Amino acid sequence: MRSLTPYCYAALLLLGCAVPAFSTTVVVIYSDDGMAMVADSKLSYDDGGAAAITKTIKIGDKFAVAALDLTHYEDRMPPLFVDYDVATWLQGIETKLPKDVSFDDLMNIMAQGVRSDLIPQMQPEYTSGRLGPEKNMYEFEPITTFVVAGYRKGKVAIGVVQFYINWQTRQLADPFKG
């Protein structure tokens with residue numbers, strides 16, 4: 001049985017050589033020993049500045065989740081107060097999960113949480129115009145993408161939970177699972 005450690009070092013070496021691109025690279029490595037998920041940095045760019053955030057979260061003993069795109073946002077200007085932090089949100093989900101949660105159940109719980117927690121929290125920012133399009137050429141733009149890695153019935157599984165904004169209507173869409 002091979003150790004997972006050399007693979008993690010190789011992934012970190014590759015990520016360390018990456019050119020700054022204002023994007024996130026996530027690598028998931030599976031071996032006989034288990035799974036490792038790494039992201040290229042702990043920085044997220046918001047309004048031209050960088051903030052240190054957590055991009056990968058271990059969920060129990062079977063899953064890891066990486067957050068991409070918008071992962072942290074604060075607005076303390078009245079009348080709105082928003083503290084959007086997906087790492088804190090994911091940790092809250094983890095505390096409520098049943099011990100034997102399956103991969104598919106986790107994906108469903110995350111999609112429901114996006115629908116009931118994250119979208120209502122962020123919708124006023126888009127409706128009011130406080131947040132606008134980053135890339136003016138797209139009608140739809142992802143807000144936050146969650147890459148979920150784990151095991152489904154003993155086999156390797158990777159999934160995505162993502163939600164978008166429609167810039168024509170300024171409405172956040174229900175999460176997509178894939």
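This note goes through side-chain pairs in a predicted model, taking salt bridges, aromatic rings and a polar contact in turn.

1. Salt bridges overall. Searching the whole structure turns up two salt bridges, and each of them is described separately below together with the exposure of its partners.

2. Asp 104 and Arg 152. These two residues form a salt bridge in which the closest N and O atoms are 2.9 Å apart. The pair links distant parts of the chain, since Asp 104 belongs to helix H3 (residues 103-127) while Arg 152 belongs to strand S9 (residues 140-152), with the two positions 48 residues apart in sequence. Asp 104 has a relative accessibility of 36% and therefore counts as partly exposed; for Arg 152 the value is 36%, so that residue too is classed as partly exposed.

3. Arg 115 and Asp 174. The other bridge joins the side chains of Arg 115 and Asp 174, with an N to O distance of 3.5 Å. Here again distant parts of the chain are linked: Arg 115 sits in helix H3, whereas Asp 174 is found in the loop between strand S11 (171-172) and strand S12 (176-177), and the two residues are 59 apart. The relative accessible area of Arg 115 is 34%, which makes this residue partly exposed. Asp 174, by contrast, counts as exposed because its relative accessibility is 51%, and the cut-off that matters for this assignment is over 50%.

4. Aromatic pairs. The structure contains three aromatic pairs, one of which is formed by Phe 63 and Phe 103, whose ring centres lie 6.2 Å apart and whose planes meet at 45 degrees, so that the pair is classed as tilted. Phe 63 is part of strand S6 (residues 63-69) and Phe 103 is part of helix H3, and the pair therefore ties together parts of the chain that are 40 residues apart in sequence. Both Phe 63 and Phe 103 are buried.

5. Glu 141 and Trp 167. Glu 141 is placed in strand S9, and its relative accessibility of 6% means that it counts as buried, the limit for that class being under 20%. The side chain of Glu 141 makes a polar contact, at 2.9 Å, with the side chain of Trp 167.

6. Recurring elements. Helix H3 holds Asp 104, Arg 115 and Phe 103, and it thus takes part in both of the salt bridges described above as well as in the tilted ring pair. Strand S9 holds Arg 152 and also Glu 141.

Definitions and conventions. Residues are numbered from 1 along each chain as its sequence is written. This is a predicted model: local features need pLDDT of at least 70, side-chain atom pairs count only at pLDDT 80 or more; totals for chains, interfaces and linings use all residues. Side-chain values use heavy atoms; hydrogens and water are left out. A salt bridge is a side-chain nitrogen of Lys or Arg within 4 Å of a carboxyl oxygen of Asp or Glu. Helices (H or I, at least four residues) and strands (E, at least two) are DSSP runs, numbered from the N terminus. Buried means under 20% relative accessible area, exposed over 50%, partly exposed in between (1.4 Å probe, protein chains only). Rings of Phe, Tyr and Trp (its six-membered ring) pair if their centres lie within 6.5 Å; planes under 30 degrees apart count as stacked, over 60 as edge-to-face and the rest as tilted. A polar contact is a pair of N or O atoms within 3.5 Å; within protein, one must be able to donate a hydrogen and the other to accept it, and residues adjacent in sequence count only if both atoms are side-chain atoms.
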